[in-house]
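Student: I have the model open and would like to test a few labels against the numbers. Could you take me through them?

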Amino acid sequence: MGKERQRINDMKQSDFNHVTYSWDDDVASQLDPVERLRYRSNILGADQRITNTGGGNTSSKMTLPDPLTGEEVRVMYVKGSGGDLRTSKRENFASLYMEKLNALKGIYDAAEVKGVKTEIEDAMVAMYPHCVYNLNPRASSIDTPLHAFIPFDHVDHMHPISAIAIAACRDQVALTEEIFEGEIGYVGWQRPGFDLGLQMEALAKANPHFKGLIMGQHGLINWADDDRACYELTLTLIEKAARYIEQRDRGEKTFGGRKYQPLSDREREDLLLALLPTLRGLVSQQNKFIGTVHITDRVLQFVNSHDAPRLAELGTSCPDHFLRTKIKPLYVGWDPQNEDFHALVSKLEAGLVQYREDYRTYYEACKHPNSPAMRDPNPTVILIPGVGLIAWGKNKSESRVTAEFYSLSIEVMRAAEAISAYQGLPRQEAFDIEYWLLEEAKLQRMPPEKDLARNVVVVIGAGSGIGKATAHRAAREGAHVVCVDLNSEAAEATAAELTGIYGMGIGVAGTGISASGPTIGLSADITNRDSVREMFRQVILAYGGIDNVIVTAGVFIPPSKEGKVTDPQWDLTFNVNVKGSYLVADEARSIWQAQGLQGSLVLTTSVNAAVAKKGSMAYDTSKAAANHLVRELAIELSPLIRVNGLAPATVVEGSSMFPRERVISSLTKYNIAFDESEETEALRNKLAAFYAQRTLTKAPITLADQAEMAYLLSTKAFAKTTGQIFSVDGGLHEAFLR
Ligand SMILES: [Zn+2]
């Protein structure tokens, strides 16, 4: 196009105090136009002060050859539906013919009833696939017309705190004028869609001096004919707004000043450990939730303030924030200095009852004849003075994003209250976003939740063998998996494998271990109660509670040539195989009881428990005791927790219980020919083949076979089964239970 750069001058980081300047021409100049858009999007999205996770979108209009005719055509690449600017790749962008997009205006205009929230407006979304350039499968977002109809080549639409603050305060129009000195226009709140796109086009055309618009209650959109200029304009506008706000910051007087004193870190952690499982149980009455604890000085300043209850009631503003944080958070007016834990719990219980009632009232007052049914009425954000912010979501990623968005909302309120007075999104508008039929259709298209979704599964022994295979199996079914092992490196290695497969999820919130992804690795010595307790404390802080515990940790000490173990070895065998499982169950019990949610415990015993033989007396009797432990625990932990036993037969594959010496001693015992020079794995295979021949099904028993049973026993498939032992042994008739 040969357009002249519109840059004011060469910008650099020192021009900005409130945003990170990241443009590098050396990088950008190597890229094609689509990659330049990807690059610009990534560096915009990398700064939370520029936009929130998953929020905002970017576009570039360019000339490209038509794949059929070879003719030069105008095409817009625009961030498509889903995904996140920070992590977007080329394939996250939709591509559409400009000519066809413009032709849509004719269809829209021809409708008798048009405008925001009309049938034709929603119907236009279904027309975007007709405009797709080069068979790009990425779905176009509802913001597509906001980009398409602005008569400039590059458009950035961001959700920066400083712009939302202006957009969400009482004097939004006057402040836009004052801060941006007429360079930026204002468009009132409207649900994004075709009509808003047309309004923006009209504003941009009627005001050629406009470089962008503040979008009421929502954010910022700005444009330029050069991509670097567009990026720099975005940063300049955000910086300008942020400086204006900073000069008016109320400091100690923010949010009406402090009402409650903060707790010490230690007091807060103890309180959270006691509170989180109870709270998880209370909010999970319809659907289980995973928690994220978010505690920063800024969050604490808000929850401890005089104005927190008033501002919390107003709800959030930017539709992105609002969709996660719901119409409003639950603020609990508890005095951390003068009230005790029981007062907190009863205030939370009462607060939740009120919250659900308010939610129902909101739903009934705002619903349309064709609105989807009311969704889960529980809050996703809970604010407690002295403690901080606790967010809930269907998975870790969602709860982290929710915590992020509410902490951003706090910053929006801080800024809006500094320069004017904050106002939330009008209730009906919030409803029309939350229960938008297009949003509902998106939910309906989502695949059904997996078997262990919304569950926290603690696998003890996850560093190797059956435990590791079980951790993988549970993660595949959507579980949040806590990989626990005596060997912390092995636990972390399994967790790292799972994170490598399933990712960290999105969102940047969470304090300490609560900032984790769907998997963590922890160490614990199950023979030591304090160690087990500390492990569960970490799990509570990470996710808010536990659902399923699977113990695969066990020990087999090969006997001497005379078939004996020493007294200390006997003790160790019982300590790990019996007492260890008991300590795990006993420590999990109080968490399960506080939650009051259904869960399960699987203990790994052995078919040896039922087959008497020579040479493994300590091991076999410990496993017989473990079988009975299953039955006793099933009675003690009922009705909430099902307890079942998995009784593997000798799984030789990759098992830490089959070190080379044991393999050799077994091969010797069974008179199987082998050579000392053979690799351990080859010796294991020989032994596995021998064992297979002793079974009814004649096939080696694998780790995956065991993991499958451990996983199944943790699911609804076995909802009516407790106190039972399941052998996965290929069929050993000597081990048949009677
Ligand atoms: Zn937006």
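Tutor: Happy to! Let's start with Leu 601, which stands opposite Val 643 in β17. Keep in mind that this is a predicted model.

Student: How do you know that β16 and β17 pair?

Tutor: Pairing needs at least two bridges between the strands. Strand β16 (residues 599–604) is joined to strand β17 (residues 641–648) by 6 bridges, so the criterion is met, and the two run parallel.

Student: What is the order of the strands in the sheet?

Tutor: The order is β14-β13-β12-β15-β16-β17-β18, 7 strands with parallel pairing in an open sheet.

Student: What makes β14 and β18 edge strands?

Tutor: Each has a single partner strand, so one side of β14 and one side of β18 (725–728) have no neighbour in the sheet. On average, neighbouring strands here are turned by 20° against each other, direction ignored.

Student: Now α19. How do you know that its length agrees with the value expected for a helix?

Tutor: Helix α19 has 15 residues (488–502), and at 1.5 Å a residue they should span 21 Å. The expected span counts one less than the number of residues. The end C-alpha atoms of α19 are 21 Å apart, so the two values agree.

Student: Which residues of α19 are buried?

Tutor: Ala 490, Ala 491, Thr 494, Ala 495 and Leu 498 are, each under 20% relative accessible area. They cover an arc of only 135° around the axis, so they sit on the same side of α19. In general, an α-helix has 3.6 residues a turn, so residues three or four places apart point the same way.

Student: What covers that buried side, and what is on the face turned away?

Tutor: The cover includes α18 (465–476), β13 (480–485) and β14 (519–523). The face turned away carries the exposed residues Glu 489 and Gly 500. As for direction, α19 lies across β13 and β14 and runs at about 175° to β14.

Student: Why is Asn 487 called a cap of α19?

Tutor: A side-chain oxygen of Asn 487 lies 3.0 Å from the backbone nitrogen of Glu 489, at the N-terminal end of α19. The cut-off for a polar contact is 3.5 Å, so this pair is within it.

Student: Why is Gly 478 called partly exposed?

Tutor: Its relative accessibility is 28%. Buried would be under 20% and exposed over 50%, so Gly 478 falls in between. Gly 478 is in the loop between α18 and β13, and it touches Lys 450, Leu 452, Ala 453 and Arg 454, leaving aside residues up to four places away in sequence.

Notes:
Residues are numbered from 1 along each chain as its sequence is written. This is a predicted model: local features need pLDDT of at least 70, side-chain atom pairs count only at pLDDT 80 or more; totals for chains, interfaces and linings use all residues. Side-chain values use heavy atoms; hydrogens and water are left out. Helices (H or I, at least four residues) and strands (E, at least two) are DSSP runs, numbered from the N terminus. Buried means under 20% relative accessible area, exposed over 50%, partly exposed in between (1.4 Å probe, protein chains only). The arc is that of the directions from the helix axis to the C-beta atoms. Contact means heavy atoms within 4.5 Å. A polar contact is a pair of N or O atoms within 3.5 Å; within protein, one must be able to donate a hydrogen and the other to accept it, and residues adjacent in sequence count only if both atoms are side-chain atoms. Axes are lines fitted to C-alpha atoms, for helices over the stretch in contact, and angles run from 0 to 180 degrees between N-to-C directions.
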